[in-house]
Amino acid sequence: MKNPIHRTCFALMYACGLRISEAAKVEIADIDSAGGLLRVIGKGDKERCVPLPEPVLVQLRQIWLTHRNRRWLCPSRRGNGPVSKSTLWRTFRLAARAAGITRRVSPHSLRHGYATRLLEQGTDTRVVQILLGHVNIATTTVYLHLTEPTRASLKATLDTLMTDL
């Protein structure tokens, strides 16, 4: 992926579980460097704060130095607004193709990966719900599919339960 602004936007989506529209519209003022938080304006203009990993914060600082836009973290080429969702979609599709990925993937896969990773690490489903900005817990449970670590843990639990019946 050649465009560092697009790369940074995708890194932010994966590191913070953002939707493409949320990542594109991150403003400089949304970044709380001292607290390690990112303020996100989600669906229905609902606000939430998500943890901003230090390595990503370093990357955000570096990208800002390349454009120095006073408002937008990921500005459009003209700098008068945020990068567009359609531009990010196109970049993502091209990057997936260049990487040899043949199955259908979308930028939303990054958000899905974030949620899955948190759940696999034992993060409570309610916490993941809050981080993703889901109103309904049922929306979050979509990410509770049987991943390999979950299968292994489940098998070990069932093996223990069924021993000496």
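Salt bridges first. A search of the whole structure, which is a predicted model, turns up 5 of them. Side chains of opposite charge can pair when their charged atoms come close. Let me take these pairs in turn.

Start with Arg19 and Glu22. Their side chains meet in a salt bridge, at 2.5 Å from N to O. Are these two residues buried or exposed? Arg19 is buried, and Glu22 is buried too. The pair also belongs to something wider. Arg19, Glu22 and Arg48 are linked in a network of salt bridges. Keep Arg19 in mind, please. We will meet Arg19 again at the pocket.

Next, Glu27 and Arg71. Here the closest N and O atoms are 3.2 Å apart. What does this pair link? It links distant parts of the chain, with the two positions 44 residues apart. Glu27 sits in the loop between helix H2, residues 20-24, and strand S1, residues 31-32. Arg71 sits in the loop between helix H3, residues 54-67, and helix H4, residues 85-98. So this is a loop-to-loop contact. How accessible are the partners? Glu27 has a relative accessible area of 23%, so it counts as partly exposed. Arg71 has 45%, so it is partly exposed as well. The cut-offs matter here, because buried means under 20% and exposed means over 50%.

One more pair. Glu47 forms a salt bridge with Arg39, and again the figure for the closest N and O atoms is 3.2 Å. Arg39 is partly exposed, because its relative accessible area is 32%.

Now the pocket. Rolling a probe the size of a water molecule over the atoms shows where empty space is left. In this model, the largest pocket holds about 220 Å³ of space. How many residues line it? The lining has 13. Nearest the centre lie Arg19, Lys43, Arg111, Gly133 and His134. So Arg19 takes part in the salt-bridge network and also lies among the residues nearest the pocket centre. Which elements supply the lining? Strand S3, residues 47-51, gives at least two residues, and helix H5, residues 108-120, also gives at least two. By character, the lining divides into 6 charged, 5 polar and 2 nonpolar residues.

On to the surface. Leu158, Leu161 and Met162 make a nonpolar patch of about 310 Å². Met162 belongs to helix H8, residues 148-162. Is Met162 buried or exposed? Met162 counts as exposed, because its relative accessibility is 51% and the cut-off for exposed is over 50%.

For contrast, take Thr140. Thr140 lies in helix H7, residues 137-140. Its relative accessible area is 0%, so Thr140 is buried. Thr140 and Thr116 are 24 residues apart along the chain. Their C-alpha atoms are separated by 10 Å.

Last, the whole chain. It has 8 helices and 3 strands. What pattern do they follow along the sequence? Reading along, we get α-α-β-β-β-α-α-α-α-α-α. The C-alpha atoms fill a box of roughly 70 × 40 × 30 Å, taken along the principal axes. Of the 165 residues, 35% count as buried. Thr140 is buried, and so are Arg19 and Glu22.

Terms used: Residues numbered from 1 in each chain as written. Predicted model: local features only at pLDDT ≥ 70, side-chain atom pairs only at ≥ 80, totals over all residues. Heavy atoms only, no water. 1 Å grid on protein atoms, 1.4 Å probe; cavity = no way out; pocket = protein on both sides within 12 Å on 5 of 7 lines; lining within 4 Å. Points joined across faces, edges and corners; volume = space filled by probe spheres on them. Helix = DSSP H or I, 4+ residues; strand = E, 2+ residues; numbered from the N terminus. Nonpolar A, V, L, I, M, F, W, Y, C, P; charged D, E, K, R; others polar. Patch = residues over 30% accessible without salt bridge, like charges linked within 9 Å, V, L, I, M, F, W, Y side chains within 5 Å. Areas by Shrake-Rupley, 256 points an atom, 1.4 Å probe, with all protein chains shown as cover. Salt bridge = Lys/Arg side-chain N within 4 Å of Asp/Glu carboxyl O. Buried < 20%, exposed > 50% of the residue type's maximum accessible area, 1.4 Å probe, protein only.
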